[in-house]
Amino acid sequence: MGRPGRIGLGLVAAALVVLPPLTGFHPYYLYLVSTALLFGTVATSWNLLAYAGQISFGHAAFFGLGGYGAALASLAGLSPWLAIALGGGIGALGAAGIGLASARLRGAYLALATLAYAEIWRGVAHNWTTVSGGGEGLIGIPPLPTLGWLPLDFTRGRAGSYYLSLAFLVVVVAVFWGMLHSRLGLAFAAVREEEERASLLGVHPLPWKILAFALSGFFSALAGGLYVHMVGVVEPDLIFSRYFSILPLVMATFGGLHTLLGPAMAALGLYLVSELLLHPYVPAFHQLPYALALIVVVLYLPGGLSGLFTRKPRGAA
Amino acid sequence: MSLNTLAQALVSGALLGCFYTLMALAFSMILGVTRALNLAHGDLIILGGYLGYWLWSGSGLHPLFLVPVAAAALLPLALVWQWLFDRLPEPRELSSLVLTFGLSLLLQNIMLALWRGEYRLIASESLTGSLTLGGLRLNQGRLIVAVAALLVVGGLFLGLTRTRWGRAVRATSLDRDAAALLGINVDAATRTTFLLAFCLSGAAGVLFATLHYLYPAGGIELTLLAIVLTIWAGVGRLRSVLVAGILLGVVEALTVAWGGPRWRETVVALMLLVSLLARSGGLARGWSH
């Protein structure tokens with residue numbers, strides 16, 4: 001990243017940090033930007049999995065597993081912080097499970113398998129009524145507790161979840177950066193570009209694939225766990241909604257597959273344009289940008305999906 | 001479960017399976033000729049259903065008369081889809097999935113804007129009622145839909161095996177380059193395939209709307225069903241698709257008979273996952289008879 005890039009990034013980060021006081025801790029705007037940050041987290045973790053060559057159409061499964069796990073733990077009396085972490089673990093397990101099961105599937109067929117996987121979990125949440133509450137879901141999930149050692153305004157209500165979602169995004173971006181600059185990134189890239197040759201050279205692909213799934217699932221599930229604590233309810237059609245599968249894919253590919261910050265930037269941009277500019281005026285079409293972004297990326301933007309298999313990743317350095 | 005309930009489920013599942021065959025053929029034809037997976041397949045069927053509903057509630061015509069109208073109404077979209085699919089980058093299967101994921105979202109939004117989120121059903125009185133045959137109760141609507149679907153599938157079978165353009169389509173599907181070398185106009189064959197597949201989708205939509213409530217997000221389930229059938233039958237094997245369709249209809253009917261209708265969608269997704277894992281090769285193998 002060049003110097004102007006770094007300055008720009010610093011400005012965006014600073015703006016995000018001081019946003020809550022600037023808006024007077026306005027609950028609705030804080031909620032919107034927090035959701036955008038959570039989408040940024042899921043999109044970046046989607047990108048992490050894509051870096052290892054696995055295109056997922058089912059991140060709603062991981063997001064939803066984290067959401068349900070955290071909601072159940074929280075309702076059972078666990079502290080919300082622990083509940084969200086536990087949800088993350090459940091999401092990681094769920095993701096590792098589908099990664100292991102679909103070890104032999106590639107490309108489009110892996111994508112279809114993950115799509116089906118998310119639909120299966122939605123069905124389970126609908127039908128396992130005694131645990132999940134069925135179609136009505138679970139209500140009364142407590143909000144995040146305030147922290148005594150910080151000014152009350154910064155941890156109360158929407159502000160607390162805002163800063164936590166910002167923290168999640170920073171952490172997942174840092175993990176992605178660490179992955180790019182370590183042997184992990186090399187192993188993922190090897191698995192992605194030349195699976196057979198990598199295994200000949202001693203990089204056995206399967207454990208790396210599963211690790212990529214688990215990491216990606218973990219961060220998506222953390223986002224899901226925080227999300228249910230933000231909205232206070234969890235329902236199958238809300239949390240296992242196909243949008244949590246579609247939007248990360250749109251954001252990550254639109255922002256730039258394999259790039260460090262592209263997915264998060266695209267998540268903030270697309271989500272806020274959709275919710276702030278389109279939703280108030282043309283509610284029926286507020287999801288149009290996602291559909292158009294996806295179509296444009298596939299057909300016209302170089303370095304889109306085809307770059308995944310034919311070109312060196314852009315922005316990898 | 002009594003023997004009668006079981007027989008009942010088998011028969012009504014088989015009838016439904018004939019409809020599934022019709023529905024899956026459009027998906028598998030496009031996959032065969034273009035090597036592209038159309039995830040918006042189910043949404044197109046729902047769109048056909050909504051068009052049928054709209055015409056039916058406006059005109060009061062018998063739903064069967066609206067089948068060709070809805071089929072024709074989707075033709076312009078066939079050209080749009082073909083234009084888009086011509087521009088797909090490699091790897092085609094994956095990029096087509098991503099592209100049509102976007103198109104599916106687009107179609108859902110359009111349907112949501114035009115018909116809102118309300119559930120719609122073509123509840124024609126001519127389709128309700130039932131026949132009793134040897135102790136089994138046959139739902140008249142399902143019977144009519146099954147017969148209509150079989151007629152369309154039969155017509156398609158004759159068209160693909162006995163006519164020049166049908167052979168061109170099959171040859172293109174089997175091996176595009178070889179077909180082009182033999183002087184077959186593969187572009188024309190591709191266009192024929194798209195037009196035909198979209199006609200089938202529109203027709204399937206009207207029939208579907210007489211069986212099930214329509215809602216804008218309901219397409220994904222139909223897409224997953226079509227993919228399951230294509231995995232089971234292989235691309236372009238018309239008779240196998242019919243067998244697989246009936247089998248799937250029976251499996252679904254048995255699920256509903258045992259566990260109630262709420263497990264239906266989940267079982268379809270489960271069958272897709274299991275079928276993918278069991279058959280981890282590619283889908284597009286071309287037409288063969």
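**A predicted two-chain model, talked through**

Biologist: Happy to look at this with you. Is Asn139(B) buried or exposed?

Modeller: Keep in mind that this is a predicted model. Around Asn139(B), 20 other C-beta atoms lie within 10 Å. The cut-off for a buried residue is 20 or more, so Asn139(B) counts as buried.

Biologist: Thanks! Where is Asn139(B) found in chain B, and which residues does Asn139(B) touch when those up to four places away in sequence are not counted?

Modeller: Asn139(B) belongs to strand S2 of chain B, residues 136-139. In sequence, Asn139(B) is 128 residues from Val11(B), yet their C-alpha atoms are 10.0 Å apart in space. With residues up to four places away set aside, the residues that Asn139(B) touches are Ser12(B) and Ser130(B).

Biologist: Let's turn to chain A. Why is chain A said to be as compact as a globular protein of that length?

Modeller: Chain A has 16 helices and zero strands. For its 317 residues the globule rule gives 20 Å, and chain A is close to that value, so it is as compact as a globular protein of that length, with a radius of gyration of 19 Å.

Biologist: Good to know. What percentage of the contacts in chain A between residues at least 6 apart in sequence join residues at least 24 apart?

Modeller: Some context may help here. The C-alpha atoms of chain A fill a box of roughly 55 × 50 × 40 Å along the principal axes, and buried residues account for 55% of the chain. Of the contacts between residues at least 6 apart in sequence, the part joining residues at least 24 apart is 77%.

Biologist: Now the contact between the chains. Which helix gives the largest share of the side of chain A that touches chain B?

Modeller: The contact takes 37 residues from chain A and 33 residues from chain B. On the chain A side, H5 (107-127), H13 (243-256), H15 (288-299) and H16 (305-310) each supply at least two residues. By class, that side has 26 nonpolar, eight polar and three charged residues. The largest share, 14 residues, comes from H5(A).

Biologist: Lovely. Which residues of chain B is Leu112(A) in contact with, leaving aside neighbours within four places in sequence?

Modeller: The largest nonpolar core has 205 residues, and Leu112(A), Leu294(A), Leu225(B) and Leu272(B) touch the most other members. Helix H1 of chain B (residues 3-34) gives the most to this core, with 17 residues. Leaving aside those sequence neighbours, Leu112(A) is in contact with Phe57(A) in its own chain and, in chain B, with Ile227(B), Leu272(B) and Leu276(B).

Terms used. Residues are numbered from 1 along each chain as its sequence is written. Chains are lettered from A and ligands numbered from 1 in the order in which they are written. This is a predicted model: local features need pLDDT of at least 70, side-chain atom pairs count only at pLDDT 80 or more; totals for chains, interfaces and linings use all residues. Two residues are in contact if their C-beta atoms, placed from the backbone, lie within 7 Å. Ala, Val, Leu, Ile, Met, Phe, Trp, Tyr, Cys and Pro count as nonpolar, Asp, Glu, Lys and Arg as charged, and the others, Gly among them, as polar. A nonpolar core is a set of buried Ala, Val, Leu, Ile, Met, Phe, Trp, Tyr and Cys residues joined through C-beta atoms within 7 Å. A residue is buried if 20 or more other C-beta atoms lie within 10 Å of its own, exposed if 12 or fewer, and partly exposed in between; C-beta atoms are placed from the backbone. The radius of gyration is taken over C-alpha atoms; the globule rule is 2.2 Å times the number of residues to the power 0.38.
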